[in-house]
Amino acid sequence: MKPTRQTGFTLVELILVMVVMGLLAGLALPSLTNRQSQDELTTRDELKATLRLARQVATSQGLAVCFMRTAAQWRLVYAAAGACNWAGTPVVAPGTQDVTAVGMAPDPVLFDLPAGVVLTGNNTIQFDSRGRLVPFAADANIRVGSSQAFIVSRETGFVY
């Protein structure tokens with residue numbers, strides 16, 4: 001009579017697989033739990049770039065440009081009669097086609113905030129044709145979540 005061979009995994013093999021899975025989970029978990037702070041850093045960088053673009057467009061075109069934000073998004077528009085209006089003419093990012101002129105729906109400079117990211121500080125920042133803030137009374141500041149606030153200088157319009 002021929003002995004039958006049992007098939008299956010040994011206890012050592014099962015323990016080894018569980019150890020490997022634990023190591024992989026330990027490496028992946030920090031990147032999953034740090035998602036909120038990564039979204040805040042990305043939003044902060046995009047926001048700084050948008051404000052720098054607004055200043056650059058205002059000085060290069062000699063027109064007042066407004067940065068405006070809500071709880072969920074922000075956009076750049078040209079100031080009409082010295083006032084900022086959310087429904088104003090949008091500023092088109094350099095190197096992009098003016099999609100609003102050819103009848104397409106998306107706004108070329110409308111940014112949505114990631115879920116859970118909160119902005120505090122100025123809701124509207126207007127740059128005059130010389131790149132300075134309007135009104136010229138004080139610096140503007142914006143904070144993204146719990147990160148350090150960044151400043152827009154009233155005299156120069158620089159974002160730092």
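This passage describes the fold of a single predicted protein chain, from its overall composition to its core.

The structure is a predicted model, in which local features require a pLDDT of at least 70 and side-chain atom pairs count only at pLDDT 80 or more, while totals for chains, interfaces and linings use all residues. Residues are numbered from 1 along each chain as its sequence is written, and side-chain values use heavy atoms, with hydrogens and water left out.

The mean pLDDT (the predictor's confidence in each residue, from 0 to 100) of the chain is 83, and 85% of the residues reach 70 or more. Among the elements, strand S5 (residues 124–127) has the highest mean pLDDT, 94, and strand S3 (residues 110–112) the lowest, 82. Over residues 99–105 the pLDDT is below 50; beyond near neighbours in sequence, this stretch makes seven contacts in the model, where a contact means heavy atoms within 4.5 Å.

The chain contains two helices and eight strands. Helices (H or I, at least four residues) and strands (E, at least two) are DSSP runs, numbered from the N terminus. Along the sequence, the elements follow the pattern α-α-β-β-β-β-β-β-β-β. Among contacts between residues at least 6 apart in sequence, 50% join residues at least 24 apart.

Strand S5 takes part in two of the pairings described here; two strands pair if DSSP finds at least two bridges between them. With strand S1 (residues 65–69), S5 pairs in the antiparallel sense over four bridges, and Phe67 stands opposite Ile125 in S5. With strand S6 (residues 133–134), S5 pairs in the antiparallel sense over two bridges, and the bridge partner of Phe127 is Leu133 in S6. S5 and S6 form a hairpin with five residues between them, and Gly131 in the turn has a positive phi of about 85°.

Buried residues (under 20% relative accessible area, with a 1.4 Å probe and protein chains only) make up 29% of the 160 residues. The largest nonpolar core, a set of buried Ala, Val, Leu, Ile, Met, Phe, Trp, Tyr and Cys residues joined through side-chain atoms within 4.5 Å, has 24 residues; Leu47, Leu51, Phe67, Ile125, Phe127, Ile142 and Val152 touch the most other members. Two or more residues each come from helix H2 (35–61), S1, strand S2 (73–78), S5, strand S7 (140–144) and strand S8 (150–152). H2 gives the most to this core, with six residues. Leaving aside neighbours within four places in sequence, Val152 contacts residues including Leu51, Ile125, Phe127 and Leu133.

Notes. Buried means under 20% relative accessible area, exposed over 50%, partly exposed in between (1.4 Å probe, protein chains only).
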